[in-house]
Amino acid sequence: MPDQAATPDRAIPEIQVFRCGPQQVPSAAEVDVLCFTATCGSPLHESRAMAAGSARLYAALLRRPDFGAAAARAAGGQLAGFAYGHGWRWAEQADDWAVQLRESLGAAADRLDGRFAVYLLAVHPWYRRAGLGRLLLQTLVSATKTGAWLVTRDEPTPALALYQREGWEPIGHGPDTPDARPGLVLIHL
């Protein structure tokens, strides 16, 4: 396996990007490892506990009938990238985070109802800067007829640049991200 981050001028092993069926979704352990590997370095510097929490949330949401996922696997089977989410309906939301999101967005919160909520987009550092995040996001969102939304950091990160290039539009701020900075809510029609 490569031992450095992929760059546009460096070949990477063949990657297969696909929409996951029930038998193709990664395990929670794979998502945990990918989350930590993808977020522990710059610019995010997230903790091991954050990755574990993301994996637990993923495992809890797998049984939803409106769950959707896209994965990228390297030729050897390694999870190179992953994105998932589910349909969002305010009537189902009762946790503190959702309450904060609704309060923060005010009237704009209604724009999220019925859309697909993207919970995670992560790419292993070895495979970055090769268009994999864009392919995962497009694969995940292409199956939705209602549009999608997500929350990201409101700072210049590669993820925010990707979302902007792909036509995602900000509608306001939601609850703080793990680093206590405001989360930027984006929608895609």
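Before you click on anything, one term: buried means under 20% relative accessible area, exposed means over 50%, and partly exposed is in between, using a 1.4 Å probe and protein chains only. This is a predicted model, where local features need pLDDT of at least 70, side-chain atom pairs count only at pLDDT 80 or more, and totals for chains, interfaces and linings use all residues. Residues are numbered from 1 along each chain as its sequence is written, and side-chain values use heavy atoms, with hydrogens and water left out.

**The whole chain**

Start zoomed out. The C-alpha atoms fill a box of roughly 50 × 35 × 30 Å along the principal axes. Of the 189 residues, 43% count as buried.

Now colour by pLDDT, the predictor's confidence in each residue on a scale from 0 to 100. The chain averages 89, and 92% of its residues reach 70 or more. Select residues 1-11 next: pLDDT stays under 50 there. Where pLDDT is low, the predicted coordinates should not be read in detail.

**The sheet**

Switch to cartoon view. You'll find five helices and seven strands, in the pattern β-α-α-β-β-α-β-α-β-α-β-β along the sequence. Helices (H or I, at least four residues) and strands (E, at least two) are DSSP runs, numbered from the N terminus.

In what order do the seven strands of the open sheet lie? Go across and you pass β1-β2-β3-β4-β5-β7-β6, with mixed pairing. Two strands pair if DSSP finds at least two bridges between them. Select β1 (15-19) and β6 (169-176): these are the edges, each with a single partner strand, so one side of each has no neighbour in the sheet. Neighbouring strands are turned by 25° against each other on average, direction ignored.

Next, pick β2 (residues 68-74) and β3 (residues 79-87), which run antiparallel and are joined by six bridges. For one of the partnerships, click R73: its bridge partner in β3 is L79.

**Helices on the sheet**

Add helix α2 (residues 48-61), which packs on the sheet and touches β3 and β4 (116-123). Contact here means heavy atoms within 4.5 Å. The direction of α2 makes about 55° with that of β3; axes are lines fitted to C-alpha atoms, for helices over the stretch in contact, and angles run from 0 to 180 degrees between N-to-C directions.

Then bring up helix α4 (residues 132-142). This helix lies across β1, β2, β3, β4, β5 (148-153) and β7 (182-188), and runs at about 155° to β4.

**A stop at G147**

Follow the chain into the loop between α4 and β5, where G147 sits. Is G147 buried or exposed? At 6% relative accessibility, G147 is buried. Show what G147 touches, leaving out residues up to four places away in sequence: R115, F116, H188 and L189. Try a distance to G114 too: the C-alpha atoms of G147 and G114 are 8.5 Å apart, with their positions 33 residues apart in sequence.

**Salt bridges**

Last, turn on side chains. A salt bridge is a side-chain nitrogen of Lys or Arg within 4 Å of a carboxyl oxygen of Asp or Glu, and the structure holds eight.

Select R64, D66, R89 and E92, which are linked in a network of salt bridges. R64 and D66 have their closest N and O atoms 2.8 Å apart, while E92 and R89 meet at 3.2 Å, N to O. E92 is partly exposed at 41% relative accessibility, and R89 is partly exposed at 34%.

Finish with R102 and D110, whose side chains form a salt bridge at 3.2 Å, N to O. R102 is partly exposed, at 35% relative accessibility.
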